[in-house]
Amino acid sequence: MSPPQVTVVGGGMITHDQILPSLYHMQRRGRIGEISICALTARPLKELAESELFARAFPGQSFRPYPELSGDLDRPRPELYGEVVARMPPRQIVVVAVPDQLHFEVIMTALDAGQHLLSVKPLVLTARESLIVEQEARARGLLVGIEYHKRFDDRSLMARSRYRAGLFGELRLGTACLLEKWHYRHSNFQNWCTVENSDAFTYVGCHYVDLVQFITGLLPVAVSVYGVRDRYPNGNEGFLWTDARVIWNNGACLNVQNALGFPDAAPGTNTQGLTLYCAGGDCGALISHSDQYRGLKYCYTRSSGEPGATVYAEPSPDYLQYVDLGGPGLVPVGYGYRSIEHILEAALRLEAETRDLAERQERLRQIDEAGIMATPANSRYNELVIEAARLSILNAGREAVIEYGEKPGVRLREWGR
Ligand SMILES: NC(=O)c1ccc[n+]([C@@H]2O[C@H](COP(=O)([O-])OP(=O)(O)OC[C@H]3O[C@@H](n4cnc5c(N)ncnc54)[C@H](O)[C@@H]3O)[C@@H](O)[C@H]2O)c1
């Protein structure tokens, strides 16, 4: 069987930082075949194609750009990805890396063309859409893996297995934070991450909600989010500082603080971490992860000049780094790579080890049940938390209740109920 083609839809930050280096490495290892990337215009594809880092790390490797680089670099071609995906033979792989509000449309187009999918988070913006994706993928025997890469940080897997072995008792109170650096306000965020569309919790807080579920197996049942309105450099208004309270189905409470506001002069690319206070028997228990400071202290002779780069730095060796293992090129390492590899390898095994639709559906059921890879069926709480958070933040932080069952949904809590 020849290795599958991979088409990435979206050629922005996450494609540059994580997806393309991971795909290039898998291609070098012979696990995947030709790589195509579709973007709205050719301009970001030109930057990816001409990247000095990729030339050094993956010498001789390239991707097919859509739109092509020879035409007008700024002409938008929003429909082109649909043609590219429809031309792929079925049962290849599509990677979804477009802005959140476009995920559903791209996912349904790819499923309709019979393709397996890796989607960046969030899968979609509503529980209703995630149900549609789940049903369509299951009927066709196709994999949909959602890329919550913090799950593949070894510390998350350690905490999960120890929590589930009963070593921590049960979560009672937790606190988590993820604050991106101030300079994010100057990026494309100012054009879309505005009060009507999103907020700091919806954009980055979801990672820690997913992680707490991943570790503990508990389900979020109510969310309230207070947001501070602030202005971007272009004058647009965003909820750039948020404080969220998530209540879980055992009564536990998690506080999550998020912002685009961590000082550029502070070390590290952001600040983030998780502390869970637990109880079991007649004693307390504790899980505490510093996810930004991982023990490395570097003081350079000068700053690289990149936004947010500092002379004194505390780099994370764990998300995605390029290391020299003797060549050719450089090897991407870290949980950013492992997360992409895990989902793509699952699609490869699904194709190699099953003979018919019934076997594929059984394999997909096992993946849902194992709960390591996020799928539409096993992580719908993420869409529900997003829906609840948006409802709450637009209602001055009133609590929104999540309802599971046949028709999952959210509503504002009435007093006394
Ligand atoms: N930690 C994480 O898991 C993480 C981090 C960053 C981004 N993301 C997610 O990744 C997605 C993309 O974010 P980003 O920061 O890369 O955004 P970005 O704005 O940098 O890039 C978006 C890309 O989508 C392309 N695009 C838009 N419309 C298109 C269309 N119709 N057809 C083809 N391409 C189209 C644009 O050309 C651009 O290349 C978002 O859903 C975001 O939430 C996840």
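The following exercises, each with a worked solution, examine a predicted model.

Residues are numbered from 1 along each chain as its sequence is written, and side-chain values use heavy atoms, with hydrogens and water left out. Local features need pLDDT of at least 70 and side-chain atom pairs count only at pLDDT 80 or more, while totals for chains, interfaces and linings use all residues.

**Exercise 1. The open sheet**

Task: Establish which strands stand at the edges of the open sheet of 8 strands.

Solution. Helices (H or I, at least four residues) and strands (E, at least two) are DSSP runs, numbered from the N terminus. Two strands pair if DSSP finds at least two bridges between them.

Step 1. Write down the strand order, which is 12-11-7-10-9-8-17-18, with mixed pairing.

Step 2. Read off the ends. Strand 12 (283–290) and strand 18 (409–412) each have a single partner strand, so one side of each is left without a neighbour in the sheet.

Step 3. Add the twist, which averages 20 degrees from one strand to the next.

**Exercise 2. The surroundings of strand 11**

Task: Determine how many bridges join strand 11 to strand 12, and which helix lies across strand 7, strand 11 and strand 12.

Solution. Step 1. Strand 11 (residues 270–280) runs antiparallel to strand 12, and 8 bridges join the two. Leu274 stands opposite His289, and Thr275 stands opposite Ser288.

Step 2. Inspect the hairpin of these two strands: 2 residues lie between them, and Gly281 takes a positive phi near 60 degrees.

Step 3. Turn to strand 7 (170–181), which pairs with strand 11 over 10 bridges in the antiparallel sense. Here Gly174 has Leu276 as its bridge partner.

Step 4. Assess the cover. In strand 11, 8 of the 11 residues are buried (under 20% relative accessible area; exposed is over 50%, partly exposed in between, with a 1.4 Å probe and protein chains only).

Step 5. Identify the helix. Helix 7 (residues 154–164) lies across strand 7, strand 11 and strand 12, running at about 165 degrees to strand 12. Axes are lines fitted to C-alpha atoms, for helices over the stretch in contact, and angles run from 0 to 180 degrees between N-to-C directions.

**Exercise 3. The nonpolar cores**

Task: Find which residues of the largest nonpolar core touch the most other members.

Solution. A nonpolar core is a set of buried Ala, Val, Leu, Ile, Met, Phe, Trp, Tyr and Cys residues joined through side-chain atoms within 4.5 Å.

Step 1. The largest core has 46 residues, of which Phe201 and Val223 touch the most other members. Helix 9 (residues 200–216) gives the most to this core, with 9 residues.

Step 2. List contacts (heavy atoms within 4.5 Å). Leaving aside residues up to four places away in sequence, Val223 touches residues including Phe201, Val246, Val385 and Ile402.

Step 3. Another core, of 34 residues, lies apart from the largest one; among its members are Val6, Ile19, Leu48 and Leu344.

**Exercise 4. The ligand**

Task: Determine which residues come nearest to the ligand, and where its polar contacts with Met13, Pro78 and Asn188 arise.

Solution. Step 1. Of the 23 residues around the ligand, Gly11, Met13, Leu40, Asp100 and His103 come nearest. A residue is near a molecule or strand if one of its heavy atoms lies within 4 Å of it.

Step 2. Examine polar contacts, defined as pairs of N or O atoms within 3.5 Å; within protein, one must be able to donate a hydrogen and the other to accept it, and residues adjacent in sequence count only if both atoms are side-chain atoms. A polar backbone atom of Met13 is 2.9 Å from a ligand oxygen atom. For Pro78, a backbone N or O atom lies 3.2 Å from a ligand nitrogen atom. Asn188 contributes a polar side-chain atom, 3.4 Å from an oxygen atom of the ligand.
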